[in-house]
Amino acid sequence: MRRTAAILVLNFNGKDLLQECLPSVIQASERAGPGNSVVVVDNASTDGRLEFLRAAHPSVPVFESPENRSIFAYNAAATRVEQDYLVLLNNDIALEDQFLSPLLEPFS
């Protein structure tokens with residue numbers, strides 16, 4: 001059985017970091033195959049990140065925390081994904097293309 005993962009990217013006023021790093025996260029998710037996803041978990045940012053994400057990455061869902069809950073925002077977002085596993089990242093992490101597949105392989 002093939003397993004899938006949701007990559008949750010935590011963000012607070014990190015639009016510039018999302019611009020730099022999110023494309024590699026999306027690419028790693030896509031490369032690992034269908035059923036994987038990337039979700040931005042936003043902690044009530046005020047830097048225009050939502051407009052950027054809608055324009056540059058409209059397929060990436062955004063979980064909007066009503067306040068800055070720091071890493072605890074992951075908890076609420078995690079209950080809304082359907083994948084088998086979670087990968088938790090900060091917004092300043094860029095990934096290699098083959099990042100996700102080796103992580104999921106032992107669970108298949």
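Trainee: How far apart are the mean positions of the positive and negative charges of the protein chain?

Mentor: They sit 6 Å apart, with 8 positive and 14 negative charges going into the two means. Keep in mind that we're looking at a predicted model.

Trainee: What pattern do the helices and strands make along the sequence?

Mentor: Reading along, you get β-α-β-α-β-α-β-α. That's 4 helices and 4 strands in the protein chain.

Trainee: And why call the protein chain as compact as a globular protein of that length?

Mentor: Put two numbers side by side. The radius of gyration is 13 Å, and the globule rule gives 13 Å for 108 residues; the values are close, so "as compact as a globular protein of that length" is a fair label. For the box, the C-alpha atoms fill roughly 40 × 25 × 20 Å along the principal axes.

Trainee: How much of the protein chain is buried?

Mentor: Buried residues account for 44% of the 108. As for what is accessible, the surface comes to about 6,100 Å², and carbon and sulfur atoms own 51% of that.

Trainee: What share of the contacts joins residues at least 24 apart in sequence?

Mentor: If you take contacts between residues at least 6 apart, 73% of them do.

Trainee: Let's zoom in. What makes V39 buried or exposed?

Mentor: Its relative accessibility is 9%. The cut-off for buried is under 20%, so V39 counts as buried. You'll find V39 in strand 2, residues 37–42.

Trainee: Which residues does V39 contact, leaving aside neighbours within four places in sequence?

Mentor: I7, L8, V9, P61, F63 and V81. To pass as a contact, heavy atoms have to come within 4.5 Å. Take V81: V39 and V81 are 42 residues apart in sequence, yet C-alpha to C-alpha they are 8.7 Å apart in space.

Trainee: What about D42, buried or exposed?

Mentor: D42 lies in strand 2 as well. Its relative accessibility is 0%, and buried means under 20%, so D42 counts as buried.

Trainee: What joins the side chains of D42 and N11?

Mentor: A polar contact of 2.6 Å. The limit for an N or O pair is 3.5 Å, and 2.6 Å falls within that limit, so the label holds.

Trainee: Which residues does D42 touch, not counting those up to four places away in sequence?

Mentor: N11 is one of them, and the others are R49, V62, F63, E64 and S65. F63 turns up in the V39 list and in the D42 list.

Key:
Residues numbered from 1 in each chain as written. Predicted model: local features only at pLDDT ≥ 70, side-chain atom pairs only at ≥ 80, totals over all residues. Heavy atoms only, no water. Helix = DSSP H or I, 4+ residues; strand = E, 2+ residues; numbered from the N terminus. Rg over C-alpha atoms; globule rule 2.2 N^0.38 Å. Buried < 20%, exposed > 50% of the residue type's maximum accessible area, 1.4 Å probe, protein only. Areas by Shrake-Rupley, 256 points an atom, 1.4 Å probe, with all protein chains shown as cover. Lys, Arg positive; Asp, Glu negative; His and termini not counted. Charge placed at Lys NZ, Arg CZ, Asp CG, Glu CD. Polar contact = N/O pair within 3.5 Å; in protein donor to acceptor, adjacent residues only side chain to side chain.
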